[in-house]
Amino acid sequence: MLDVQDVSVRFGGIVALDGLSFTIDEGQICGLIGPNGAGKTTMFNVISRIYDATSGRVSFHGKDLLAAQAHGIARLGIARTFQNLALFPTMTLLENVMVGAHSQGRGGFMKSTFRIGTAKAERDLRDEAGDLLRSLQLDHLAFRPASGLPFGTLKRLEIARALAARPTFLLMDEPASGLTHGEVDELSETIRRVRDDFKLSVMLVEHHMAMVMGISDKVVAMEFGRKIAEGRPAEVQNNERVIAAYLGTSA
Amino acid sequence: MPTAIKESSPPHWLARILAVAVLAALALYIASSAKPSTLGNITEACTLAVAAVALNLLLGFNGQISIGHSTFAGLAAFTAGYSVNFWRWNPYVSLAVGLVLCFVLGLALGLPALRLKGPYLALVTLAVAFVWPTIAAKFLDKKVKASTLKGTKLQPPTWTGLTNSRPDRAVFLYWLAVVILVLAYVIVRNLRKSRIGRALVAVRDNETAAAVMGVNLKFTKTVTFGISAAIAGASGWLTAARLDRLDENSFTILNSIKYLLALFLGGAATLAGPIVGAFVYYFVDDYLKTHAPTWHWLPGPISKGPVASFLLGTIVIIFVFIAPFGLVGFIKDQVRRVFVVTPRPLKQAVASPELIEHTSDATAAESSAQD
Ligand SMILES: Nc1ncnc2c1ncn2[C@@H]1O[C@H](COP(=O)(O)OP(=O)(O)O)[C@@H](O)[C@H]1O
Ligand SMILES: [Mg+2]
């Protein structure tokens, strides 16, 4: 389904990704791990077309992703969350989720200006967004603006907003950061549930090892922009280079 | 505790209908009883309000600044003046063509806006506003400058029962201004409350995230620029309809700054803000012009005349510090102590029940009570 081939990204002198290759199959949860600065977020940004790859290829269901534009990615079925939150702070939680469904909607400037024949779509969208908020236990905050809410709450809002695009492939960048232990377990549960209910493939960047290893079907480990291991969680966990990378740079 | 009114409940509808009815009655009352000079003032205030509404769409909701909106007003005004006087166009056709021209020029200006942010965009639009009077002076000879829609060129249609006498004409122009202002307001309101409106605000709040959600940044930003420019053009057309003469100094950067001050005074990114702001700005300005003192101890040119604009500028700046969401934000805060409108609760029946394992107990009433 997702096929990343030999992707490199350079920022001036910095090599953020250095010939990275891996694949993800339909319905898989793939964990992407590595110390800070390994290039995980950069990989996400390449897939969502925020960064251009210096070289390499990325295909999604056989389509060349790098030929698409950033705003075309959602329509291909790819949605994501952001490591450092990229919400719409002045909008309510409900509106945030409704924007998440932008790629699913129709009605451009003309229809919006005259507001003819948009009422039903708006109502349905509102109901759907409400359902998503409820499924992430955010419905009681639906009419609050996003700014000023706790980090963990906003992380869940990011997931709800991403799901509103009805993706087939969901990228999550450190969804468990800032969550308590109990919340992390709940989040694992949510991700699995969401994967099954929405028939998703998931790519998950996370430092919380117990969570990644518990939930992933496969794990890709990175260091300095390169892949150092790929395989089942247990294999990667016991890989010497992975252990060295983690003991060496972060702990 | 404030009284809660449910959104779209009968009392809420009643309040809305009442508000519209009161405003309509007020407009009718003014038309029937005000002096022509007062009507002229209100027409000017409406003209300013239309431009401020235009800027609100662009700056308030989409986060793109323009100090060049006076240029669009000027373009539409001169288009109307020229085409009606020299080509004998119907004045309403000249309005339509002016709006199209402004839309196209707006798109063109929106293109550099794609690459520029904040102060840089402000600079480019400022440059346009700066260059415009020079262009106007160069290409417009005396005859053209004197060409507006005055006199017989834009007459009240017979069905209105109005003649082209001075008092009747004032009533007619007043209604034209009111109707155009209402249309501008409705367009911006519709946009804001729709899919596109959410996209506009999303772009303002976080461009990257908006793009990831599927919002085409280039298209959205340039078209918004175009629509905003066209609405500003409608304001310029009203100016051409009211004045006897236009010249290169009719639409300078000072006009653009006036639009900005009116917008921030009333409250950017609120629907009523630019209108309230424009009216308050216009009438305070009008009052100060005749009542403000002249302070000779002030430096430079401001010591020469009444300190009206200096005072007004200071008032607006101080006000924006006290009430960052403008007059409308301030009024809303006060009203909220007495009445709150609780949003329509989320639908309880669930589309895909298998997804919902933890249905939260919190009812909509509880959630709004937390606000
Ligand atoms: N926009 C950018 N400009 C310059 N350097 C960047 C940019 N984005 C990421 N980098 C660099 O690329 C490397 C990888 O960063 P990142 O992908 O954020 O790592 P991770 O998510 O694994 O912690 C880092 O050295 C980072 O400083
Ligand atoms: Mg990262």
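In which strand of chain B does B:F339 lie? Before I answer, let me say that what we are looking at is a predicted model, and I will go through chain B before turning to one place in chain A.

The residue B:F339 lies in strand β2 of chain B, which runs over residues 339–342. With a relative accessibility of 45%, B:F339 counts as partly exposed, because that class lies between the 20% limit for buried and the 50% limit for exposed. B:F339 is also one of the residues that make a nonpolar surface patch of about 450 Å², the others being B:F330, B:I331, B:V335 and B:V338. If we ask which element gives the largest share of this patch, the answer is helix α14 of chain B, residues 326–336, which contributes three residues.

Staying with chain B, I would like to turn to a pair of helices, α2 with residues 36–61 and α12 with residues 273–291, which pack with their axes 8 Å apart and at an angle of about 135 degrees. Since an angle from 115 to 145 degrees falls in the oblique class, α2(B) and α12(B) are therefore described as oblique to each other, and their crossing is right-handed.

Finally, in chain A, the residue I would point to is A:A53, which sits in the loop between α1 (40–47) and β4 (55–60). Its relative accessibility is 22%, and so A:A53 counts as partly exposed, the limit for buried being under 20%. Along the chain, A:A53 and A:V9 are 44 residues apart, yet in the model their C-alpha atoms are separated by 5.0 Å.

Note on methods. Residues are numbered from 1 along each chain as its sequence is written. Chains are lettered from A and ligands numbered from 1 in the order in which they are written. This is a predicted model: local features need pLDDT of at least 70, side-chain atom pairs count only at pLDDT 80 or more; totals for chains, interfaces and linings use all residues. Side-chain values use heavy atoms; hydrogens and water are left out. Patches are made of residues with over 30% relative accessible area and no salt bridge: like charges are joined within 9 Å, nonpolar side chains (Val, Leu, Ile, Met, Phe, Trp, Tyr) within 5 Å. Accessible areas come from the Shrake-Rupley method with a 1.4 Å probe; for residues, only the protein chains shown count as cover. A salt bridge is a side-chain nitrogen of Lys or Arg within 4 Å of a carboxyl oxygen of Asp or Glu. Helices (H or I, at least four residues) and strands (E, at least two) are DSSP runs, numbered from the N terminus. Buried means under 20% relative accessible area, exposed over 50%, partly exposed in between (1.4 Å probe, protein chains only). Axes are lines fitted to C-alpha atoms, for helices over the stretch in contact, and angles run from 0 to 180 degrees between N-to-C directions. Angles under 35 degrees count as roughly parallel, over 145 as roughly antiparallel, 65 to 115 as roughly perpendicular and the rest as oblique. A crossing is left-handed if the near helix is turned anticlockwise from the far one by less than a right angle, and right-handed if clockwise.
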